[in-house]
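I opened this entry to log what I looked up, item by item. Notes follow the order of my checks.

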Amino acid sequence: MENTNRVKIHVCGSDYIIATPEKEEYVKELAYQIDNQAQAMMESNPNMSILTALILCSLSYLDDCNKANANADNMRRQLKDYLEDAAKARIEVDETKRELERLQKEVASYKRQLKAAGRMSPEV
């Protein structure tokens, strides 16, 4: 079971205690960023309530999270496609090498037959 840390944070004039498996420094940094963004919103619009500022922060962060997840999913799909293409190319290279070896053996066989028939000089 994961260790749970109790972290005290301060956001928009209120203190909260968060139970989380995350490190304290990380959680405090998140709270600091939310506090700064909410404070900036309220400074730019003096009529904005703390609740409205925090809801707008939440929407912004959720939007960023959704976009990041969509980008990650897209990158995973692209990586999967690249790996499939690389695997197909590897198979094609192996098949080409086998075909080359088969053709080289066939050429060598024809050369031996021509030498045996006396139609080819021994230097070739």
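**Entry 1: the loop cysteine**

I started at C12, which sits in the loop between β1 (5-11) and β2 (14-20). The model is a predicted one. I looked up the backbone there. C12 is not a glycine, yet its phi is positive, at about 50°.

Next I asked: is C12 buried or exposed? C12 is buried, and its relative accessible area is 7%.

**Entry 2: disulfides**

How many disulfides does the structure hold? I found zero. C12 takes part in none, and the nearest cysteine sulfur, that of C57, lies 7.0 Å away.

I then took the view from the other residue. Why is there no bond from C57? Its closest cysteine sulfur is in C12, and 7.0 Å is too far for a bond. The cut-off I applied to the pair of sulfur atoms is within 2.5 Å. As a reminder to myself, a disulfide is a covalent bond that joins the sulfur atoms of two cysteines.

I also checked the cover on C57. C57 is buried, at a relative accessible area of 1%. C12, at 7%, counts as buried too.

**Entry 3: elements and overall form**

I listed the secondary structure. The protein has two helices and two strands. Read from the N terminus, the order is β-β-α-α. Is the protein a compact globule or more spread out than one? I compared two values. The radius of gyration is 34 Å, while the globule rule gives 14 Å for 124 residues; the first is well over the second, so the protein is more spread out than a compact globule.

I looked up the extents as well. The C-alpha trace spans about 105 × 40 × 20 Å along its principal axes.

**Entry 4: helix α2, three residues**

I picked three residues in helix α2 and noted accessibility and one C-alpha distance for each.

A68 was my opening pick, and its place is in helix α2. A68 is partly exposed, with 43% relative accessible area. I paired A68 with G118, 50 residues apart in sequence. The C-alpha to C-alpha distance between A68 and G118 is 73 Å.

T96 lies in helix α2. T96 counts as exposed, at 53% relative accessibility. The cut-off for exposed is over 50%. I paired T96 with Y61, 35 residues apart along the chain, and read 52 Å between their C-alpha atoms.

K105 is placed in helix α2, which covers residues 50-116. K105 counts as exposed, with 61% relative accessibility. My partner for K105 was A116, eleven residues apart along the chain. Their C-alpha atoms are separated by 16 Å.

**Entry 5: burial, contacts, surface**

What share of the 124 residues counts as buried? I noted 12%. C12 and C57 are among the buried residues.

I turned to contacts with a separation of 6 or more. Residues 24 or more positions apart account for 16% of them.

For the surface, I logged about 10,300 Å² exposed by the protein. Carbon and sulfur atoms supply 55% of that area.

**Entry 6: charges**

My last lookup was the charge layout. I counted 18 positive and 21 negative charges in the protein. How far apart are their mean positions? The mean positions of the two sets are 13 Å apart.

Definitions and conventions. Residues numbered from 1 in each chain as written. Predicted model: local features only at pLDDT ≥ 70, side-chain atom pairs only at ≥ 80, totals over all residues. Heavy atoms only, no water. Helix = DSSP H or I, 4+ residues; strand = E, 2+ residues; numbered from the N terminus. Rg over C-alpha atoms; globule rule 2.2 N^0.38 Å. Buried < 20%, exposed > 50% of the residue type's maximum accessible area, 1.4 Å probe, protein only. Contact = heavy atoms within 4.5 Å. Areas by Shrake-Rupley, 256 points an atom, 1.4 Å probe, with all protein chains shown as cover. Lys, Arg positive; Asp, Glu negative; His and termini not counted. Charge placed at Lys NZ, Arg CZ, Asp CG, Glu CD.
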